Amino acid sequence: MPGRPGWLCDSIYFAEMPAGKYGFVENIILSSLTPEEGAHFVEDRYQREINYLRVSVTDRCNLRCHYCMPPQGVSVVPRKEILTLEEIVRVVEASTRVGVKKVRLTGGEPLVRRGITDLVRALAAIPEIDDLALTTNGILLAARGDQLKAAGLRRVNISLDTLKPERYSYITRGGRLEAVWQGIERSLELGLHPVKLNAVVVRGFNDDEICDLARLSLDRPLHVRFIELMPFGTSAGVSREGYIPTAEIRSRIEEELGQLQEVRKLTGSGPARYYRLAGAAGTIGFISAVSDHFCGRCNRLRLTATGALRPCLFHEYEIDLKGPLRRGATLDELAELVARAVWDKPGRHHLNEGQSCSRKNMSQIGG
């Protein structure tokens with residue numbers, strides 16, 4: 001087994017211990033991870049600090065983007081199978097016991113979840129959480145932004161694959177680009193910085209807008225991130241012909257707009273590498289999941305809307321938390337399961353070797 005056979009926690013090394021209730025041999029001494037004892041962190045078996053939890057609050061969405069789900073949408077999960085807001089908060093509280101301090105809310109579209117503002121308020125009140133963000137398609141953001149900011153939301157990522165209203169309507173199967181722009185404008189006004197715009201680039205679809213999207217970073221503090229198309233569910237077929245590597249995207253930008261200069265990481269920068277055009281107010285980022293995997297610096301786990309904890313976006317393996325939650329598991333017992341997920345996190349994916357990410361669509365996993 002690569003790496004050390006135990007955990008680095010509070011700068012103290014814990015060797016293997018007897019199995020806990022859920023059979024986790026390399027268990028953490030959870031009683032030692034109390035807020036009173038200060039900051040703590042947990043490394044996986046590859047010495048990566050895992051401190052970030054992405055939480056899908058719903059599998060539902062108000063759009064039907066081509067690369068995310070089929071035209072008819074996906075089968076709706078019965079509401080009783082979706083974690084309640086209280087259950088989500090409990091999972092996050094347990095996760096902080098093994099070092100999680102950053103949370104991002106995703107979907108589906110998180111703003112269609114009833115009570116989302118209450119959830120933000122509850123998560124923001126957890127002392128160990130120092131960064132609370134949200135990824136959204138932006139359609140409802142102008143209307144909800146003020147409440148979310150007041151509840152404790154720190155920043156937003158907004159999906160924006162095109163600047164052309166007709167194309168946006170086509171990509172999203174009916175969405176209104178004007179509503180997204182209103183959400184972007186309101187986010188800037190509210191100071192939900194850094195405001196990041198995520199663009200999935202598809203050859204023959206929106207690659208003619210690469211430079212137009214990059215120009216958004218020139219005059220305003222917008223951080224445009226170009227994301228390589230990944231073979232998930234519905235998009236698996238599209239990715240074979242539509243995939244464009246980051247190197248080509250960057251080359252197109254530099255040929256038309258000038259040299260890109262690498263910049264320090266932004267708040268919550270995650271896997272992206274950031275650059276700036278000369279004199280620009282914002283930045284340009286690249287997320288190269290396929291051509292230049294960032295697995296070596298991955299710091300995250302994913303919680304699906306149905307309560308499955310996924311150590312890696314690109315692997316099917318999941319740990320059920322909903323069952324233990326509804327059987328009355330304690331925070332320590334839930335934390336043990338989170339620790340199991342950390343330990344089981346794979347070293348890397350193999351997308352550039354032909355691996356298909358998942359049979360599920362992104363909306364079912366949590367983007």
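Start by selecting Arg220 and Glu185: their side chains meet in a salt bridge, 2.7 Å from N to O. This pair links distant parts of the chain, with Arg220 in the loop between helix H6 (210–219) and E8 and Glu185 in helix H5, 35 residues apart. Color by accessibility and you'll find Arg220 partly exposed at 30% relative accessibility, while Glu185 is also partly exposed, with a relative accessible area of 28%. Keep in mind as you click around that this is a predicted model.

**Zoom out for a moment**

Switch to cartoon. The protein has 11 helices and 14 strands. Of its 367 residues, 56% count as buried. If you like contact maps, here's a number to go with yours: among contacts between residues at least 6 apart in sequence, 74% join residues at least 24 apart.

Now pick out the sheet. It is an open one made of 12 strands with mixed pairing, and you can walk across it in the order E9-E10-E11-E8-E7-E6-E5-E4-E3-E12-E13-E14. At the edges sit E9 (261–262) and E14 (319–320), each pairing on one side only.

**Stop: E7, E8 and the helix across them**

Select 195–201 and 222–228. These are E7 and E8, which run parallel and are joined by 7 bridges. For a landmark in the pair, label Ala199, which stands opposite Phe226 in E8.

Next, show helix H5 (residues 177–190), the one that carries Glu185 from the opening stop. H5 lies across E6 (155–159), E7 and E8, and runs at about 160° to E6.

**Stop: E4 and its neighbours**

Move along the sheet to E4, residues 102–106. How many of the 5 residues of E4 are buried? The count is 4, so E4 is largely enclosed by the rest of the structure.

On one side, E4 pairs with E3 in the parallel sense over 5 bridges. Select Arg54 here and you'll see that its bridge partner in E4 is Arg104. E4 also runs parallel to E5 (residues 131–136), and 4 bridges join these two strands. The position to label there is Val103, whose bridge partner in E5 is Leu132.

Then bring up helix H1, residues 85–96. H1 lies across E3 (52–56), E4 and E12 (300–303), running at about 170° to E3.

**Stop: Glu109, a charge without a partner**

Follow the chain on from E4 into the loop that leads to helix H2 (116–124), and select Glu109 there. Is this residue in a salt bridge or without one, and where is the nearest side chain of opposite charge? Glu109 is buried yet has no salt bridge, and that nearest side chain, Arg144, is 7.3 Å away.

What does its side chain have instead? Show backbone atoms: a polar atom of the Glu109 side chain lies 3.0 Å from the backbone nitrogen of Leu111. Expand the selection and, beyond neighbours within four places in sequence, Glu109 is in contact with Thr58, Arg60, Cys61, Asn62, Thr136 and Asn137.

**Stop: more salt bridges**

A search of the whole structure finds 23 salt bridges. Here are some to click through.

- Arg203 and Glu248: the side chains meet at 2.9 Å, N to O. Arg203 lies in the loop between E7 and H6 and Glu248 in helix H8 (residues 246–257), so the pair ties together parts that are 45 residues apart in sequence. Arg203 is partly exposed at 35% relative accessibility, and Glu248 is partly exposed at 25%.
- Arg340 and Asp344: the closest N and O atoms are 2.6 Å apart. Both residues lie in helix H10 (residues 331–344), 4 residues apart, or about one turn of the helix. Arg340 and Asp344 are both buried.
- Lys164, Arg167, Asp208 and Glu209: select these together, as they are linked in a network of salt bridges.

**Last stop: Arg215 on H6**

Finish in helix H6 with Arg215. This residue is partly exposed, with a relative accessible area of 31%. Leaving out residues up to four places away in sequence, Arg215 touches Glu256 and Leu257. Its side chain makes a polar contact of 2.6 Å with the side chain of Glu256. To end, draw a distance between the C-alpha atoms of Arg215 and Thr283: you should get 9.7 Å, for residues that are 68 apart along the chain.

Technical notes
Residues are numbered from 1 along each chain as its sequence is written. This is a predicted model: local features need pLDDT of at least 70, side-chain atom pairs count only at pLDDT 80 or more; totals for chains, interfaces and linings use all residues. Side-chain values use heavy atoms; hydrogens and water are left out. Two strands pair if DSSP finds at least two bridges between them. Contact means heavy atoms within 4.5 Å. Axes are lines fitted to C-alpha atoms, for helices over the stretch in contact, and angles run from 0 to 180 degrees between N-to-C directions. Buried means under 20% relative accessible area, exposed over 50%, partly exposed in between (1.4 Å probe, protein chains only). Lys and Arg count as positive and Asp and Glu as negative; His and the chain ends are not counted. A salt bridge is a side-chain nitrogen of Lys or Arg within 4 Å of a carboxyl oxygen of Asp or Glu. A polar contact is a pair of N or O atoms within 3.5 Å; within protein, one must be able to donate a hydrogen and the other to accept it, and residues adjacent in sequence count only if both atoms are side-chain atoms.
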